[in-house]
Amino acid sequence: MEIDVFTLFPEWFQWFRDQRHVRNALAAGTSLRCVNFREHTRLSGGQVDDTPFGGGAGMVLRVDVIDSALRAHYGVDPVLLPEQRRVIALTPGGRPLEDKLVDELAAEPALTLLCGRYEGFDERIVEHFASDQISIGSYVLSGGELAAMVVCDTILRKLPGTLGHEDSAVEESFSPALGGNPEYPHYTRPAEYRGWRVPEVLLSGHHERIEAWRRERSSERGEERRGAAGR
Ligand code: ADE
């Protein structure tokens, strides 16, 4: 898989790239490149944003700057890009990132992530250059960089060779293997600590009972979570 991140802060991703699981993914053939919008502005002082028409607080990323950055990197008019690859704008109001969407993205050969800053993107960027908008939650970050890292992390851990055990991303929270529910609780040694005993069934060695117990806990947690979210 090829992931390109367009950002004003490419250095943030240096830390991310150095993490063990990300290094594993890169060694297994995934590419993660960063492009700095600021290197593609013809405006003085490296300007990339401007005040919003109609007034209001904050600054808005300029469509001409993002056009130049995408055009220089891919060598095509960026309005054609969404036909070639998924171009994702990270926005607080986008499609919520959930496991199903992560699976969808992990199956793509190439992704482009656009990180907004300040008040976000000139709407024409989203309308004409992006194929998707993704949100990592109903709150506002200072920019799309952390959201892009979250998107990358969730995708990379699904790719073969990223995690230590091949199947550790298969039966995990929200996966189809658990019916979309959170994962069941885990315990390790000691079997008793300060009087807190590990559930007996897990020490029984009885695989079917353990399996059934885990499914029940997982579905209970799903119920609780849906209740807390009011759905
Ligand atoms: N940019 C700012 N806030 C965001 C959010 N919650 N999700 C994705 N991108 C964002």
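Here is a short walk through this predicted model, from the whole chain down to a few single residues.

Let's start with the overall build. The protein chain is made of nine helices and nine strands, and its C-alpha atoms fill a box of roughly 70 × 40 × 35 Å along the principal axes. Of its 231 residues, 40% count as buried. If you look at contacts with a separation of 6 or more, 71% of them come from residues 24 or more positions apart.

Now turn to the surface. The chain exposes about 13,000 Å², with carbon and sulfur atoms supplying 51% of that area. Its side chains include 27 positive and 36 negative ones, and the centres of these two sets lie 4 Å apart. Trp-12, Tyr-139, Leu-141 and Leu-146 together make a nonpolar surface patch of about 360 Å². One of them, Leu-141, sits in the loop between strand S7 (132–135) and helix H7 (145–156). Leu-141 counts as partly exposed because its relative accessibility is 30%.

Beyond H7, the loop that leads to strand S8 (192–193) is worth a pause for its backbone. Pro-190 has its place in this loop, and the peptide bond that joins Arg-189 to Pro-190 is cis, with omega near 0°. Phe-174 lies in the loop between H7 and S8 too; although not a glycine, Phe-174 has a positive phi of about 70°. With 35% relative accessibility, Phe-174 counts as partly exposed.

A further stop is Arg-194, in the loop between S8 and strand S9 (196–197). Arg-194 is not a glycine either, yet its phi is positive, at about 50°. Its relative accessible area is 64%, so Arg-194 is exposed.

Key. Residues numbered from 1 in each chain as written. Predicted model: local features only at pLDDT ≥ 70, side-chain atom pairs only at ≥ 80, totals over all residues. Heavy atoms only, no water. Helix = DSSP H or I, 4+ residues; strand = E, 2+ residues; numbered from the N terminus. Buried < 20%, exposed > 50% of the residue type's maximum accessible area, 1.4 Å probe, protein only. Contact = heavy atoms within 4.5 Å. Areas by Shrake-Rupley, 256 points an atom, 1.4 Å probe, with all protein chains shown as cover. Lys, Arg positive; Asp, Glu negative; His and termini not counted. Charge placed at Lys NZ, Arg CZ, Asp CG, Glu CD. Patch = residues over 30% accessible without salt bridge, like charges linked within 9 Å, V, L, I, M, F, W, Y side chains within 5 Å. Salt bridge = Lys/Arg side-chain N within 4 Å of Asp/Glu carboxyl O.
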